[in-house]
Amino acid sequence: MTAPLQHLIRNNRLDHFFIDGKWKPALGTGKGRVTNPATEEVIAEIALGNAQDVDAAVAAARGAFSSWSLTTPQHRADLLEKLCRVIEKRSEMFAQCLTLEMGAAIGYARSAQVPLAIAHVATAREVLLSFPFVKQRGHTAIAHEAIGVCALITPWNWPLYQITAKVAPALAAGCTVVLKPSELAPLDALLFAEAVEEAGFPAGVFNLVNGDGAVVGQRMSAHPDVDMVSITGSTRAGILVAQAAAPTVKRVAQELGGKSPNVILPDADLDRAVPLGVAAAFRNLGQSCSAPTRMIVPRALLPKVEAIAARAAAEIVVGDPLASDTTHGAMANRTQFDRVQTMISTGIEEGAKLIAGGVGRPHGFESGFFVKPTIFSDVRSDMKIAEEEIFGPVLCILPYDSVDEAIAIANNTVYGLGAHVQGNDITAVKHVASRIRSGQVHLNYPAWDPHAPFGGFKQSGNGREYGVEGMTEYLEVKSMLGYFD
């Protein structure tokens, strides 16, 4: 048994929720199983909440809001700084927990999943300390005030990262929150609740209820005392949340699915652009909503692109998530493993050219949710593998004959979350980027920027996370006329 699981069991966390500053036994009687993706063994059972658990958490958040929303930005910033330090102190436990519950390679958990989560807290603190909560426009004051109680629903693919991307800006804005993490990967959320407790946030400001979407998620979304819902998940789940929230006319922010393009222009350095494109598509085993899983390349360069992409895929080491040489671990759960296998079979049936990977587990694996990193070439936009979000290590290479056609292919999707453009002529790269209908575009693989707003066009959702825009999602705008006479 790993240290994080021993810790949670020893402290009696698996059947408790964090509500109003205390660890309280779940009122719901349901149980959820947590499975180790690498072994397919059930490693824990957690309590699943019911409507009464949600009501208790929302009541605690409502009770804490009036005082928390009036605290000074400096006070909230100081607590966020303490939270950063606590997560940093426990970073190895968080990393091991990520590997245990969703199969991330331990090296990736240590170098990306945990540090980027900490960066969200630090960024929210930076934004808070410089944000003008009251601005003057003539004789009118434009004030930004905390929206109220926020229900936050997070997914299983980036368990800690997505929690901090929502909780930190919401608390910075002066809101109180109720968090529902994915019931498939809930253990890091329990560790996070302990970090909030240790950092010293007042009772009721942060509350955690585990449960499934049909019961806990639906009650949170429909609750009359919840002022806002923020969800990261599938487009299907986002629609259900919006429908449940509609009768109470609450704000809904949705970060949903994607099928992101990576346009490689004719003058791009293929020896750089293609391997980095494969790496970007397969990071976190392709379990990222913004993964650039459609590589759009000049038709004349297709054979060279195929050769480079196949070599890049061959360098990926799929294996035991705890092994030091493993670059990619196991898919997070059985459902996703089965979907990826089905979609790889579909690509073969559709006539796409398989240049790496394929159906089944990698050689040497008889169990575990391990998948072969798979690349299809000569893919058409009307193929199912080019249209649907697969959410696994499956890359489609689509050829084009003109830059205008490349842009049309990039935009030929119901999604619009992320995009990439590669080329030596930066003016041309900027021009193409400006024509892609997507909430975020990466030019020539830049460094990650936690201040860059992130969110989608079309069926990828609405609202933005990260940076200033991420905090303003949790604020209402009030104008007070005659304020500056």
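Here are some friendly notes on the helix packing and the sheets of this predicted model.

1. **Annotated domain.** A good place to start is the UniProt record, an unreviewed entry, whose annotation "domain: Aldehyde dehydrogenase" covers residues 31-479. Over residues 31-479 the chain is 43% helix and 20% strand. The C-alpha atoms at the two ends of this stretch are 48 Å apart.

2. **The hairpin of strands 1 and 2.** Strand 1 (residues 16-19) and strand 2 (residues 22-25) run antiparallel and are joined by 4 bridges. If you would like one pair to look up, isoleucine 19 has lysine 22 in strand 2 as its bridge partner. The hairpin has 2 residues between the strands. Have a look at aspartate 20 here, as this residue takes a positive phi near 55°.

3. **Helix 1 against helix 7.** Helix 1 (residues 3-10) packs with helix 7 at an angle of about 65°, and their axes are 11 Å apart. The crossing of these two helices is left-handed. On the helix 1 side, the residues in contact are Pro4, Leu5, His7 and Leu8. They meet Leu187, Leu190, Leu191 and Glu194 of helix 7. Sorted by class, this contact has 6 nonpolar, 1 polar and 1 charged residues.

4. **Helix 4 against helix 7.** Helix 7 (residues 187-199) also packs with helix 4 (residues 91-102), at an angle of about 160° and with the axes 9 Å apart. Angles over 145 degrees count as roughly antiparallel, so helix 4 is roughly antiparallel to helix 7. From helix 4 come Met93, Phe94, Cys97, Leu98, Leu100 and Glu101, and from helix 7 come Leu187, Asp188, Leu191 and Phe192. The classes here are 8 nonpolar, no polar and 2 charged residues. For those comparing points 3 and 4, Leu187 and Leu191 of helix 7 appear in the contact with helix 1 and also in the contact with helix 4.

5. **Helix 3 against helix 5.** The axes of helix 3 (residues 73-89) and helix 5 (residues 106-130) come within 9 Å and cross at roughly 165°. Helix 3 and helix 5 are therefore roughly antiparallel to each other, and the crossing is left-handed. Helix 3 contributes Pro73, Gln74, Arg76, Ala77, Leu80, Glu81, Leu83, Cys84, Ile87 and Glu88 to the contact. Helix 5 contributes Ile118, Val121, Ala122, Ala124, Arg125, Leu128 and Leu129. By class, that gives 12 nonpolar, 1 polar and 4 charged residues.

6. **The sheet of 3 strands.** An open sheet is formed by 3 strands in the order 5-6-20, with antiparallel pairing. Strand 5 (134-137) and strand 20 (475-480) each have a single partner strand, so one side of each edge strand is left without a neighbour in the sheet. On average, neighbouring strands are turned by 25° against each other, direction ignored. Strand 5 is joined to strand 6 (residues 140-146) by 4 bridges. Within this pairing, lysine 135 has isoleucine 142 of strand 6 as its bridge partner.

7. **The sheet of 7 strands.** Another open sheet has 7 strands in the order 14-15-16-13-12-17-18, and its pairing is mixed. Which strands stand at the edges? They are strand 14 (353-356) and strand 18 (440-443), and each has a single partner strand, so one side of each lacks a neighbour in the sheet. The twist averages 25° from one strand to the next. At the strand 14 edge, strand 14 pairs with strand 15 (residues 374-377) in the antiparallel sense over 3 bridges. Leucine 354 has phenylalanine 376 in strand 15 as its bridge partner.

8. **Helices on the sheet of strands 14 to 16.** Helix 11 (residues 302-314) lies across strand 13 (294-298), strand 14, strand 15 and strand 16 (394-400). This helix runs at about 45° to strand 14. Helix 12 (residues 334-350) also packs on the sheet, where it touches strand 14, strand 15 and strand 16. The direction of helix 12 makes about 25° with that of strand 15.

Methods
Residues are numbered from 1 along each chain as its sequence is written. This is a predicted model: local features need pLDDT of at least 70, side-chain atom pairs count only at pLDDT 80 or more; totals for chains, interfaces and linings use all residues. Side-chain values use heavy atoms; hydrogens and water are left out. Axes are lines fitted to C-alpha atoms, for helices over the stretch in contact, and angles run from 0 to 180 degrees between N-to-C directions. Angles under 35 degrees count as roughly parallel, over 145 as roughly antiparallel, 65 to 115 as roughly perpendicular and the rest as oblique. A crossing is left-handed if the near helix is turned anticlockwise from the far one by less than a right angle, and right-handed if clockwise. Contact means heavy atoms within 4.5 Å. Ala, Val, Leu, Ile, Met, Phe, Trp, Tyr, Cys and Pro count as nonpolar, Asp, Glu, Lys and Arg as charged, and the others, Gly among them, as polar. UniProt positions are given in the numbering used here, feature names are shortened, and annotations may be inferred rather than shown by experiment. Two strands pair if DSSP finds at least two bridges between them.
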